[in-house]
Amino acid sequence: MNPLLLLLFIPILTMVGIVMVTDLKWVRVISAIGMSAQLLFSFLLLYWFYQERGAGNTDPMLFVSSTMWYESFNIQWKFGIDGISMAMILLTSVVTFAGIFVSWQVDNLQKEFFISLILLATGVYGFFISIDLFTMFLFYEVAVIPMYLLIGIWGTGPKEYSAMKLTLMLMGGSALLLVGMLGIYFNSAPAGGKLTFDLLEIKRVGIPLSAQLFFFPFTFIGFGVLGALFPFHTWSPDGHASAPTAVSMLHAGVLMKLGGYGAFRVAMYLMPEAAHELAWIFIILTSISVVYGAFGAIWQKDLKYINAYSSVSHCGLVLFALLMMNETATTGAILQMISHGLMTALFFALIGMIYGRTHTRMIHEMGGLMKVIPFLSVLYVIAGLASLGLPGLSGFVAEMTIFVGAFQHSDTFHRIATILAISSIVITAVYILRVVGTLLLGPLKNDHYLQLQDATWFEKVGGVTLVLAIAAIGMAPLWLSNLIREPLMAILQTLTN
Amino acid sequence: MDYSFTLLIVLLPLAGFVLLGLFHDRLKPMVAGTLGTLNLLVITLFSYYTAFHYFTQGNSESGYTAIKAFNLLWLSFTESLQIQLGILLDPLSVMMLVVITTVSLMVHIYSLGYMKGEKGFQRYYAFLSLFTFSMLGLVVATNIFQMYIFWELVGVSSYLLIGFYYERPSAVAASKKAFIVTRFADLGFLLGILLLSFYTNTFDFTTLTSMDGVAISSPPAALFLGMSVTTWAMLLIFMGGAGKSAMFPLHIWLPDAMEGPTPVSALIHAATMVVAGVYLVARLFPVYALSSPDSLEVIAYVGSFTSLFAAIIACTQLDIKRVLAFSTLSQIGYMMVALGVSGYGGEEGLGYMAALFHLFTHAFFKALLFLGAGSVIHAVHSNLMTDMGGLRKFMPITHITFLIACLTIAGIPPLSGFFSKDEILVAAYEHNKIIFVVQWLVAGITAFYMFRLYFNIFWNRTPHFHHTPHESPALMTFPLIFLAIASVLAGFVPFHALVTSDGKAFHTELHWMIAIPSVLIAVVGIGVAAWFYLKQNILPEKVTHGVKGMYTLVYHKFYIDELYLFLTHKVIFNFISRPVAWFDRHIVDGTMNLIGDTTVYGSNLIKKMQSGHMQWYIWFFTSGVLLLAFLLLYLN
Amino acid sequence: MNLQAEIPLHYMIVLSTLLFFIGLVGVLIRRNLITMLMGIELMLNAVNINFVAFNHYLYPHRFEGHFFALIVMAIAAAEAAIAIALIINIYRKFSTVNVDDVDELKY
Amino acid sequence: MNWDTLYILRQEILLTVLILIQLIGDLSEDEKRSRIIHVTLSSFLLFTLVGFLPGEPASLFGGMYVSDDLRTLLKNILSISTLIILLQSSSWLQQPSNQTKIGAFYLSLFSTLMGMYFMIAAGNFLMLYLGLELATLPLTLLAAFDKQLRRSAEAGVKLLMSSAVSSAILLFGLSLIYGVYGTFYFTELSVLNDSSYLSILALIFFISGLAFKLSLVPFHLWTADVYEGAPLSVTSYFSVVSKGAALFTLMLVLFRVFALQHATWTLALYILAISTMTVGNLFALRQKNMKRFLAFSSITQAGFMMLGFMNVGSLGMTTLVYFMLIYALSNLAIFGVLSMVSNATGKESMDDFNGFYKTNPGLSLIMLVSLFSLAGIPPVAGFFGKFFLFTAAASSGMYILVLIAVLNATISLYYYLLVVKAMFINTNDTPIPTLHTTSYEKAAFVLCLMGIAGIGFMSSLYDYIQGLM
């Protein structure tokens, strides 16, 4: 059996376990066990991956297995991973693991909550291991739809509006995506022969340019919506603001990465010529995203909004880097996905914990929290520093790789866009420090806060896991960078030709 | 000789940070402090050992050679653009190692006394270790990207230390300001790095500065807005240096940074971090001098202007730490001037040597000044010189050491400041007369404001103290004495034989033609200060009253802060960020909501279609059929 | 006498079409349910003319059109029976057979 | 007439027997009437199973009646759907007010089912018309089944009048077809091609007649009113079985008989598809009554179905049948829940479902899964059905249509989520009490859920359908 299938079976088994259990106290324990197993398995998979590569296997994808599903459409259950998917799987495992612990105290409809959460994660895993476009799309939607319930039921504030908006916009994106996918499918065998959804096969044959030009925008925007591409990002602030903690974490940390990953794996990988032709439009949009998100964040007063806009900025950087279409920038894009995934998850986790204590997310209503909840505050500062690109934490590695990569284009257009994108690091510093300064430092605003408890053990587990991951990538980025870079060489050769 | 042990110099402080940071609440304050200090003592000894060996054994006919004691691939961007983390030993970095570890050690010791009983004492030592780690990593960087990494780390440790009293809003604001301003400058630095590395295809200092490297042998001639890209790159890199070194107009953060604990000011904002900009320019000096002389010109003028500008402001400030802060600006201006007027190689490189010489001496006497000021503040619990006076009776050691420092900075022979300043003036004189005149004047102003400070603290009237000031404990006076000795002796270090632009020794001597006027003007400055401030009199007030408008302008630091505040708060917040937020909510999101609303509106619009009347249904049905039929007949 | 020679086919078609639309208009404008039903009968009978005419003029050797017409008649009868039943039901509930009053289900 | 003929006609004959059983059953005493329900259900189950017996392609009555595997499958889809409806309606029929009408209900229902069988089995337009009328006229009675309700009476008469006009127009179309081609036999028609105005007109009239049954816009106006007025079981019969029969008939006629004129009808259905999806969606957005809501939802779904017609090959037909099957099961599950609620409390408004999950988690989850299936959310079957329909349209290069369809699918997701929201998110002071599920209802739900959850993953089913084309 393909070991990758375990990535799907472990969460499914966990869900079954949750359904079976009668005592609600055990629900979270089972979830935690399941997701810990998943985390361990991800690392085991990484080990196997290296072992396989070490043994001289140079296939573009490892652990490939395929089972025919719909013969007449040539739809297969085809799974396989390369370094990029491996990295994304690790990210998902870490964030999900942390997410479970952060939601330790969910008391309303526990079973349903954890099942939805794990279902979401299952979709994400499936998406990352799919080679077949159809299953990829299937898992994509599986991952998106639990969001509605998760936000709608366990959210706060205008949760129904936000949940609806988020779901509809993402589904609207996937509508475009579907058109693009069908276009790819029907152009997958221009010289006759069997149509296919198999990414590798489509790539081998190549799509005619005219079709590429028509379908690239659909596919790219389709994924771009999930990747918070300007101007399709407005689901993100509202959605994040209303979502419960773990959902924000998973959504910003993992789900939004589906957008970037898909834009790369599907849109750009399969339609490189069109990507070249049309990149300029999207470079403009993404550069706007980067700066615009950062400026947007400065003005916000709600912690989650700040972080949501910051996500717009950071995810914009991912797409921006992808569009630069060279090895370095693309490596940076994937690194940025992982880095942003981790740190934004950490952010949302901390915001959730702070909100759970102070019952407000308005930064002006709080102040001086460092004094009363130092543990959480320090984690928040670390997350902030990672976000503004401090060396030694993951954000720096990703951003620098992107910038160096983007700088390889020496024409004026790319230069201006790049400089614009780079300038976001200053703006990021402004809003991060503003939050840190207002929220954590300074005199204690509210005497009631003196009674606040610092992090509990499960919060510590969740937070520290993420910090460790952020720091590990930040301190020793080479292995991850190489892991990502290795498949890129082959992919980008075709992109640049 | 194998220098791989130098890795410990960098790693030990990191270990100290991690240890103290993780266990800060489990360790007793004094245990943490002692651990940190002992750790640094070991590091200092290591770096002395390194310096001793390097300078005694490394010399050869062709000068000192650079040694890469350690190198590790950290991250690779492309085949050639890779970030290595390593240790580069050359005269420049070894000299910096000595300076940093010495000052840092003194500050560690001093803080044991000064910070005693403060809340967060352990955290303080953790941050100090972090800073030391970053700064050491910065100076031993083998490539420009490693430097950038530690550059940023230095920035963040400075942020943490300035904001050490995080419950004090002014400290929080100051730390934020420092970080953002330097961050802005770092943007330039980063762009410069990217630009330079794009054209030279390397980050490595040795490759960049080698005579047959691309950057020097064939600098890219591509033009952008009329300037060569090399000049652009070097100017942008200098922008980073200017930010850290608080050159005009990026100087605004430094005075505010005095919100941090005073030993921190001594360490970071006087002796080490703020000279990083000088170090940066010195590190890339061959590229500046040989490929982009225009940018050196800019550096000289910026330095010169800053030194004058800061010196003038220093004359009006009342907060003693701020006076010292502006004095720091002014002195770093000197160093920049020296670099700016320098050429490359041999005697031509006098300015280069002078800049680093001044950096070396300045580190000691400025640290001494700050620590002395700290000692005073410790005694009177105030920063303002109006609350001080006549302290010489109460604090003899502080007084003497402070006086030595003042004399040193004023350039009175044979103290170290005299020698280094003299070299700078010589270099400036040979290169550019205007700059020379300015720097000469600044020397006088420096003497004036330093002694204004000195007299105001230790002489003048004796105000009413809440409790009688007393001399600081030995933990604090020992560093003062040590640094005072260093300030006196540092001038005799044969810098021209050790740290030169091309690594080769050259001959230099005192230029009396320049030394005498500079000493004279310093004496004049001291004299005027004594006239004004030795005894309590109304002269200063008269003078300030005479030039009231001017005085207010200078006192408010030429309103540059207000200008920035206006730019950031009013323009960026109100004219960019707020409209962006509005646009996002109302236009972008509005459009999305509008799509929804339109759909609902459309739904209501056609509601009447379903009127409930059967005949209308049939009518609709039949007209539909006919319409469809006609449409198809027409289309066929 | 040859009917075909005297009355061309299109006369028949025009007649049936006219009848059909008269029936339709009847359904559309008469408010009484019973009258509407009559309109429907008219429409069906117009179609019957069509069937028979086509059969007779164009395909005289086959009988499908005739059969069809017969079956349509039968069905029309069944339809009328059910319609009457439902209209009576309406009358019981609404006390009217005016179609305009039967509009409670809408929007 | 021999045994083979009987075997080929086995479903129709058994259905006739069932109808006769009802007539006999009506003779029994009033208080024992409800026993007939169990008898009917078990015999209908038998009847359904008989449909799955293997058979050879055959043609009877001089080509009037055609039987082959595809048609048998279509009939089976209808009979399974009917079986589910019967299971779900059992407790409604047991209510005292309905006890006397049980026989009438079954009788009418089986008659229409018979009519639909003939529509599908027709090899001749005459047969088709007969079947159509047989399927329509008893349906009007069923719509007016709740004699005591004004709305039911109104629904009956509205349906009757509209469908009479529509069948008149269809008939007019048939007469023109006859005029143009001179035959009613499908086998003969399928090789004839004529592009005269008259033939186009004929085709449009014919399509309109069936489009009325399928409730495509602009022929849909009766739908919501009748759905609302009719009893719930009948509504679900309308939205699933009647619609399915119309779809299958339209499909068989267009693909098999008028394949040569496909340019014409593709264009017509292209326009109808867009208008149907859009208008159906716009109306569904506003609905608060669940029956009206589902009426418009089914209109929208019918619009999606039209996408299958865009591919003239076996792909189009396969996806249509496949989608219809999934649509039927999903819709039936929803109607099952609705009818349980309606029978127990008489509540039919969406707001009544607020807090439904708190009291009836199982039923809510069934609703959730079915709604997601209708909305086309994986991994439930609706996703596959819809995806393949879109594939069919895209295979002809009609990407614009696909785009409009997927955007409409997104809008439809909105209102499906409104129901989800009501059940799971909204709170209610007086929620619907916990409902008891009878074993018949359980069986119906199991059938539906097995289909909704499993069909997508069983590619063999799709392959099987495709093999029949």
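**Exercise 1. The make-up of chain C**

State how many helices and strands chain C has, and how spread out the chain is.

Solution.
- Step 1. Chain C has 4 helices and 0 strands. Helices (H or I, at least four residues) and strands (E, at least two) are DSSP runs, numbered from the N terminus.
- Step 2. Read from the N terminus, the order is α-α-α-α.
- Step 3. The radius of gyration of chain C is 18 Å, well over the 13 Å from the globule rule for 107 residues, so chain C is more spread out than a compact globule. This radius is taken over C-alpha atoms, and the rule is 2.2 Å times the number of residues to the power 0.38.
- Step 4. Along the principal axes, the C-alpha atoms of chain C fill a box of roughly 55 × 30 × 25 Å.
- Step 5. Of its 107 residues, 35% count as buried. Buried means 20 or more other C-beta atoms within 10 Å of the residue's own; exposed means 12 or fewer; partly exposed lies in between; C-beta atoms are placed from the backbone.

A note on the source: this is a predicted model, in which local features need pLDDT of at least 70 and side-chain atom pairs count only at pLDDT 80 or more, while totals for chains, interfaces and linings use all residues. Residues are numbered from 1 along each chain as its sequence is written, and chains are lettered from A and ligands numbered from 1 in the order in which they are written.

**Exercise 2. Two contacts of chain B**

Describe the sides of chain B that touch chain A and chain C.

Solution.
- Step 1. The contact with chain A takes 36 residues from chain B and 40 residues from chain A. Two residues are in contact if their C-beta atoms, placed from the backbone, lie within 7 Å.
- Step 2. On the chain B side, strand E1 (67-76), helix H5 (144-162), helix H6 (169-200) and helix H25 (560-605) each supply at least two residues. H6(B) gives the most, with 12 residues.
- Step 3. By class, this side of chain B has 25 nonpolar, 4 polar and 7 charged residues. Ala, Val, Leu, Ile, Met, Phe, Trp, Tyr, Cys and Pro count as nonpolar, Asp, Glu, Lys and Arg as charged, and the others, Gly among them, as polar.
- Step 4. Turn to chain C: that contact takes 10 residues from chain B and 11 residues from chain C. The chain B side has 3 nonpolar, 6 polar and 1 charged residues.

**Exercise 3. A hairpin in chain B**

Work out how E1(B) and E2(B) pair.

Solution.
- Step 1. E1(B) and strand E2 (residues 82-89) of chain B pair in the antiparallel sense over 8 bridges. Strands pair if DSSP finds at least two bridges between them.
- Step 2. A hairpin of 5 residues joins E1(B) to E2(B).
- Step 3. Opposite Leu73(B) stands Gln84(B), in E2(B).

**Exercise 4. Helix H2 of chain A**

Find the span of H2(A) and what covers its buried residues.

Solution.
- Step 1. H2(A) (residues 25-54) has 30 residues and reaches 44 Å from first C-alpha to last, close to the 44 Å expected at 1.5 Å a residue. The expected span is 1.5 Å times one less than the number of residues.
- Step 2. Its buried residues include Val27(A), Ile30(A), Leu39(A) and Phe49(A).
- Step 3. Their cover includes helix H1 (4-20), strand E1 (62-70), helix H3 (83-102) and helix H4 (110-129) of chain A.
- Step 4. Just after H2(A), Gly56(A) takes a positive phi of about 90°.

**Exercise 5. Unusual backbone**

Locate the cis peptide bonds before Pro231(A) and Pro218(D), and the positive phi values of Leu109(A) and Phe61(D).

Solution.
- Step 1. Recall the background: most residues other than glycine have a negative phi, and most peptide bonds are trans.
- Step 2. The bond from Phe230(A) to Pro231(A) is cis, with omega near 0°. Pro231(A) lies in the loop between helix H9 (209-226) and helix H10 (235-242) of chain A.
- Step 3. The bond from Val217(D) to Pro218(D) is cis, with omega near 10°. Pro218(D) lies in the loop between helix H9 (197-214) and helix H10 (221-229) of chain D.
- Step 4. Leu109(A) has a positive phi, near 50°. It sits in the loop between H3 and H4 of chain A. Leu109(A) counts as partly exposed because it has 18 C-beta neighbours inside 10 Å.
- Step 5. Phe61(D) has a positive phi of about 50°. Its loop runs between strand E1 (58-60) and strand E2 (65-67) of chain D. Phe61(D) is exposed, because 12 other C-beta atoms lie within 10 Å.
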